[in-house]
Amino acid sequence: MNSRLKFYITVACWWAVSAHGAPTSADCQALTRLATGELRIDSALIAPAAVMPPRNGSILKVAAPAHCLVKGMLNPRIGANARR
């Protein structure tokens, strides 16, 4: 993936959350328009704010703000025997 695409994804995700406070479903849906030949976006849904429990022996809890949960694939390819 080229650096320009990484930059656009980072800016779009930052804009969708920080510029408007908590994202709306329209903000998350707007992220799906970033799909290109190198980036496939399957879904972009609102994930509510939550406190994540400690993991891997940590004692710290992490407060995660509401955000867009984006699922997709970068640089999808077809491998040997047509495997994806």
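**Exercise 1. Determine what share of the contacts in the chain with a separation of 6 or more joins residues 24 or more positions apart.**

Solution. Contact means heavy atoms within 4.5 Å. Among contacts in the chain with a separation of 6 or more, 47% are made by residues 24 or more positions apart. The model is a predicted one, in which local features need pLDDT of at least 70 and side-chain atom pairs count only at pLDDT 80 or more, while totals for chains, interfaces and linings use all residues. Residues are numbered from 1 along each chain as its sequence is written, and side-chain values use heavy atoms, with hydrogens and water left out.

**Exercise 2. State how many helices and strands the chain has, and describe its burial and exposed area.**

Solution. Helices (H or I, at least four residues) and strands (E, at least two) are DSSP runs, numbered from the N terminus. The chain holds two helices and four strands, and their pattern along the sequence is α-α-β-β-β-β. Next comes burial: a residue is buried under 20% relative accessible area, exposed over 50%, and partly exposed in between (1.4 Å probe, protein chains only). Of the 84 residues, 18% count as buried. The exposed area of the chain is about 6,400 Å², of which carbon and sulfur atoms supply 61%. Such areas come from the Shrake-Rupley method with a 1.4 Å probe; for residues, only the protein chains shown count as cover.

**Exercise 3. Identify which residues form a disulfide and which elements they join.**

Solution. A disulfide is a pair of cysteine sulfur atoms within 2.5 Å. By this rule there is one disulfide. Its partners are Cys28 and Cys68, with sulfur atoms 2.2 Å apart. The angle about the S-S bond is -90 degrees, and the link of Cys28 and Cys68 is left-handed. Because Cys28 lies in helix H2 and Cys68 in strand S4 (residues 67-74), the pair ties together parts that are 40 residues apart in sequence. Finally, Cys28 is buried at 1% relative accessible area, and Cys68 is buried at 13%.

**Exercise 4. Examine the surroundings of Asp27, and find where the structure has a salt bridge.**

Solution. Side chains of opposite charge can pair when their charged atoms come close. A salt bridge is a side-chain nitrogen of Lys or Arg within 4 Å of a carboxyl oxygen of Asp or Glu. For charge, Lys and Arg count as positive and Asp and Glu as negative; His and the chain ends are not counted.

Asp27 belongs to helix H2 (residues 25-31). Asp27 is buried but has no salt bridge, and Arg33, the nearest side chain of opposite charge, is 7.9 Å away. A polar atom of the Asp27 side chain does lie 3.0 Å from the backbone nitrogen of Thr24.

The whole structure contains one salt bridge. Arg40 and Asp42 form a salt bridge, with their closest N and O atoms 2.9 Å apart. Arg40 is partly exposed, at 36% relative accessibility.

**Exercise 5. For Ala63 and Lys61, give the location, the exposure and the contacts beyond four places in sequence.**

Solution. Begin with Ala63, which is in strand S3 (residues 62-64). Ala63 is exposed, with 63% relative accessible area. Its C-alpha atom is 4.4 Å from that of Val51, twelve residues apart along the chain. Leaving aside neighbours within four places in sequence, Ala63 is in contact with Ala50 and Val51.

Lys61 lies in the loop between strand S2 (50-52) and S3. Lys61 is exposed, at 61% relative accessible area. The C-alpha atoms of Lys61 and Val51, ten residues apart along the chain, are 6.5 Å apart. With neighbours within four places in sequence left aside, Lys61 is in contact with Val51, Met52 and Pro54.

Methods:
Polar contact = N/O pair within 3.5 Å; in protein donor to acceptor, adjacent residues only side chain to side chain.
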